[in-house]
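Please examine the sequence and the structure shown below. The paragraphs that follow then lead through some of the strands and one residue.

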Amino acid sequence: MRRVGTLLATFGALVLTPQVALVGNGQNFVLVEEARLPVDPTPPGTSTTDVDLVDVDSDGDLDLFKVNGTDSVAPRLNQLLINAGGGRFVDASATRLPSTLANSTKADFGDVDGDGDLDAIIARVGGEQLLLNDGAGFFADGSTQLPPALSFLQDISADARFADVDDDGDLDILVSNEIPFPGAGPGAQNRLWTNNGNGVFTDETAIRLPVSIDQTGAMLPGDVDSDGDLDIVVLNRGQDHVLINNGSGFFDDETAARFPVTSDTTRGGGLADLDGDGDPDLAVGNSQGEPAVLYFNEDGVFVVGDLGMTPQPDETIAGLELVDLDGDGDLDVYLSNAGQFQSGHGFLGGPDRYFRNNGQGHFVERTASHFQAPDDPTTDAAFGDIDGDGDLDLVVGNSGADGGERVFINYPCARERCDTR
């Protein structure tokens, strides 16, 4: 897990912030909604499945990438909103992105071809997309540099992310696959694509990953056993897995020795040091009214902890962010809540939730103290300093008919206005 600018980690795409010192407002802050986004041109039935704050044009401020999909085979365009300064965005999708229609789920950003700018991998139904940045934030479709897509029911990807798993200095790709349809089967094989150093990828799944047919929400890279290479925690519907790297990017399944038996419906999580002991712990978000769960890393073995979360009825935790929102040097937990599930991408909405860390992995919910909590069908959230004032603001993405992104700006507040007990 890389940390750029500030202490922040996510279960989805890596959030890249400019290299500035973020001071923040300690525990005396409140996030206030402001209208900073252009009118959303997407047609009805569009779901924003991922939002990423990333400086794509290298001008020192954070732009917004929106990943769009639907609950059917109907495709959508993704969107790129450029920060015009001060945290106000303009839609530059038509000029900066390929006009590719697809049903997309997640995005991740990193320099795949060694030219110093941020490229993107987009997880999609029916084959991933590679976007190559020209250095000024204009993207060309480089998907021919990826392995060919598999058949439809083998290539429903919930997540794709960059990680240097073979320790050769370039970014490889982890693709998380699932089959989300009831009765459609147990899932699909996840995949690992290695980079030749120039952004051309080879599918080496068969020789590098154990065979495992699962419904996977995400694969999280991190050094679980503290031996200096990246292992993988696989988050599934059902049993999660721990894959240990042999040092050269070949993985063994050591779940039985390193992880408890699980049966929950995990959609994503974060892997980072939550208790201050120097190794990566795990927080996961679950759907179907199941509570989010902490797992503390004890010498490479995960032990169940307690986030202190009592789930609300029919709560669907669709996203989990690890973010140092109060600037005290440890990671807090923010949960994106889509609310009660109806069908497809339809949710009734519910309040997101924020849990503050005391630095030793003890969390207390402090949502009401700091948030006008979105009561939307929130599918994802991204934190970053979008207005350049040194603290972390928030963008949330929403699903279905009640879709439409919202921006919350971080402001200092007097103690009598912020409950900081």
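Two strands are said to pair if DSSP finds at least two bridges between them. In this predicted model, strand β11 (residues 157-163) and strand β12 (residues 172-177) satisfy that condition, being joined in the antiparallel sense over six bridges. One of these links may be located through F162, whose bridge partner in β12 is I173. As for its surroundings, β11 has seven of its seven residues buried, so this strand is largely enclosed by the rest of the structure.

Attention may now turn to a second group of strands. An open sheet is formed by four strands in the order β2-β31-β30-β29, and their pairing is antiparallel. The strands β2 (29-34) and β29 stand at the edges with a single partner strand each, so one side of each has no neighbour in the sheet. From one strand to the next, the twist averages 25 degrees.

The partner of β29 is strand β30 (residues 393-398), and six bridges join these two antiparallel strands. Among the residues involved is F383, which has L394 as its bridge partner in β30.

Strand β29 covers residues 378-384 and includes T378. Is T378 buried or exposed? Its relative accessibility is 0%, and buried means under 20%, so T378 counts as buried. Apart from neighbours within four places in sequence, T378 is in contact with A318, S336, N337, A338, D352, V396, G397 and N398. With N398, the side chain of T378 also forms a side-chain to side-chain polar contact of 3.2 Å.

How values were computed
Residues numbered from 1 in each chain as written. Predicted model: local features only at pLDDT ≥ 70, side-chain atom pairs only at ≥ 80, totals over all residues. Heavy atoms only, no water. Buried < 20%, exposed > 50% of the residue type's maximum accessible area, 1.4 Å probe, protein only. Polar contact = N/O pair within 3.5 Å; in protein donor to acceptor, adjacent residues only side chain to side chain. Contact = heavy atoms within 4.5 Å. Axes fitted to C-alpha atoms, helices over the stretch in contact; angles between N-to-C directions.
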